[in-house]
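Colleague: Please take a close look at a single part of this model, one helix, and then set that helix in its surroundings. I am in my first year, so please explain each term when you use it.

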Amino acid sequence: MQVSKILEILIALGLFYFLFSTLVSLLFEWYSHKTQKRGRFLYETIFKLLNDPVNKSYGASLYSHFSIDQLKKNRDSYPQYISSEMFANALIDIIGSQSEITQFTNVFQSNDSKNLIKVEMEEFRFQDPYERFQKGLDAMEYSPFKSYLRGFFEKTENYSDLKNAISKWFDDYMERVSGWYKIRTKRSIFIISLLVCFALNVDSITLIKKLNTDDKYRKDLVLLAEKKVLENKFNDQKIDSVDLAKNLNSIKSIINEIEDNSLPIGYQDDFKELNKKNHYIMWFVGILISAFALSFGAPFWFEVMVKAINIRRAGIKPS
Amino acid sequence: MNDIYNIHSHIFTGKCAPKDFLQVGAKLGDGASSFLKWLILTRPVSWIIVKLGNLIPKRILQFLKIGVMASQEEVFLDLKGAYDNSQYSGIKIVALTIDMDYMSDPDKKPEKDFNSQIQDVYKLKKTYPNILFPFYGVDPRNPDIKNLQNLKRALESKTFAGIKLYPPNGFFPFDIRLDSLYKYAEENNIPIMTHCTRGGSYYIGKNVWSVIPDNPTSLNPTHPLMPIITARIAAYKNASDKSFRENARACNLFTHPENYIPVLDKYPNLKLCIAHLGGDIEILGLKNPDAKSAKLFQTAKDIEGNTKSWYDIIKQDILIEKYPNTFTDISYSLCDENCMKQLSSDLINNLIDQKRVLFGTDYFMVAKENAELKVVAVGENNLKVYFPDLMSKNNQSYLF
């Protein structure tokens, strides 16, 4: 087989996988939004970070803190994102609040010592937040978490430094959390890819066969891919995880692109023939290959497509 | 009506309970119940429960609707809201916290541990100082109880108005680790509320007998009742009816009202409320229209070697002159009209000291039976002239 033909097949496949990966990404973002996957994961990881079995679950306290609670869209949602500054402010306040003493006094009716008229409240708290944090730490039992927080206090000299140190600690942790999230989402993306491939009968083996045998079809797809790359149109593809209507429009436009070029997808007459021939195993393998390929994500297939186009162009003699 | 109290309510959420909490009531394995609790607390399912809870007044849905609420404040406001437009508006609410960190195996600990539950209540008390009177939950297995530091801070600042014990979660009320707590409570006139019914939640760890020693340590080891209590443990362990060896019933060993007598003999002035009048099974005994409950009463009575019902033990052996600060409350039992009729008859015939009976509903546990105001109405309709004192004077004298 000629090298140029292999490159053309690669470009066409890249385009094909890119379009469907975008569809998978749209569905995944919508699913993540609806199930609060990201917010829930953030909650679990912050919960783990602030877990202190000796004192208390500071993760639960953080999410009950007024500033974080206000980030919730509704009563049972989880914030999708917490800035490091907000995290640091809330944590310093929670630790500091352990030094607070609130004294209540029951005021009874003068002629009836049991008849309560009102309850008076008096708060005793340190006004300097840095000192308040220190006193809050003093009120904690020894634990690895307390020891870690004490380290922040000992290495800083004022509230601003303390806040910066805790913010940096949170940012570093969040970098790792992003990695964990990517690993966790891979499985979900593969399942969605598999569902898309089954629903639309995206069979890689059939496609490769068609690209290999139908020269006109292959060249049309390559032209389309080159045009799109030149226009840089794909990079403008935005995913809106909130608005389902927008997502559906995006999905529709991608399907139109596919239909315009009559890609071999869907359950049509030739699929019935496939059934007759009992080629189920090959069909299933084709679906699995497609699902696996789609789970790599749209950016990956875009890169593959661009690189293959550049190599192909480099090989053509200038006129 | 002025200065009235609901002396027995709960405002904790599902997150404060162990992961396998749904084993209580539903006979599921711990894996299945953990999964079910996770499922109920997931957003789509809790959303459906809330929506259905608003549309269908099915009792269990109402209970689950409260259980899936996001915060203790939300639960508290739901209870407050139930009274706001009624003749009981302005009622003061005693919210009983429960330490549930030890009611299951360590790997099933609640998402929101006890200290976080308490921290939220601290904030709530600051927001609603005039209507919220929380009680501090105590479990002797919590190492905090050794020096009582956190408890004293909570009570002496008057943030918390009393102490809550929940023995069926896995400890005996006469546990030696509670000795200093009772001493402190008696010296400082601090009210203690304790659970006493065959129902309710219980220790749900895999091996219930790991928390029931054959010969438990007691703060009053030479008390004449201790050998009887030890014999009762052996009787449960060897019961021919295997259900008495399992968690739900074995935990009745912790709840038995006689367990408080060694405590009261050591601390006779202790302000102690044995809640629920002992529960419907023990109030109605063999007269219970529900044949299963009547049979359970008889079987349990035989195994425990009781000469009288728990209700009678409370009336005749605990609410007596010897212990001047003992009380009972009508919470949960008030939703059963037959129980209220029995209590009314005993009040009329002076078989129970009317000054020692308190009003409470056991919100939100009682949501499984009926709406808050409806259960209050059952109590009021049956106890008639006694009812206002239960809500006001009696609750005041217990609380302050």
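Modeller: What follows begins with one helix and moves outward to its chain, to the contact between chains and to the other chain.

The model is predicted, so local features need pLDDT of at least 70 and side-chain atom pairs count only at pLDDT 80 or more, while totals for chains, interfaces and linings use all residues. Residues are numbered from 1 along each chain as its sequence is written, and chains are lettered from A and ligands numbered from 1 in the order in which they are written.

The helix is α8 of chain B, residues 225-237; helices (H or I, at least four residues) and strands (E, at least two) are DSSP runs, numbered from the N terminus. The expected span of a helix is 1.5 Å times one less than its number of residues, so the 13 residues of α8(B) should span 18 Å, and the 19 Å between its end C-alpha atoms agrees with this.

Ile229(B), Arg232(B) and Tyr236(B) are the buried residues of α8(B); a residue is buried if 20 or more other C-beta atoms, placed from the backbone, lie within 10 Å of its own, exposed if 12 or fewer, and partly exposed in between. Seen down the helix axis, the buried residues of α8(B) fall within an arc of 55°, so they line one face of the helix; the arc is that of the directions from the helix axis to the C-beta atoms. On the face turned away from this buried side, α8(B) carries the exposed residues Pro227(B), Ala231(B) and Ala234(B). The partners against which the buried residues of α8(B) pack are α9 (247-250), α10 (252-255) and α13 (291-304) of chain B, where two residues are in contact if their C-beta atoms, placed from the backbone, lie within 7 Å.

Around this helix, chain B has 17 helices and eight strands, and 54% of its 400 residues count as buried. Among contacts in chain B between residues at least 6 apart in sequence, 79% join residues at least 24 apart.

Some loops of chain B also deserve attention. His276(B), in the loop between β6 (272-274) and α12 (280-284) of chain B, has a phi near 65°, a positive value in a residue other than glycine, and His276(B) is buried, with 32 other C-beta atoms within 10 Å. Leu148(B), in the loop between β3 (135-138) and α6 (149-156) of chain B, has a positive phi near 60°, but Leu148(B) is partly exposed, with 17 other C-beta atoms within 10 Å. In the loop between β8 (357-358) and α16 (372-383) of chain B lies Phe364(B), which a cis peptide bond, with omega about -5°, joins to Tyr363(B).

Where the chains meet, the contact takes 21 residues from chain B and 22 residues from chain A. On the side of chain B that touches chain A, α2 (43-55), α5 (114-127) and α17 (387-399) of chain B each supply at least two residues, and α5(B) gives the most, with five residues.

Chain A itself comes to 14 helices and two strands, and 27% of its 319 residues are buried. Strands β1 (residues 101-109) and β2 (residues 112-124) of chain A pair in the antiparallel sense over nine bridges; two strands pair if DSSP finds at least two bridges between them. A hairpin joins β1(A) to β2(A) through two residues, and Glu120(A) in β2(A) is the bridge partner of Thr105(A).
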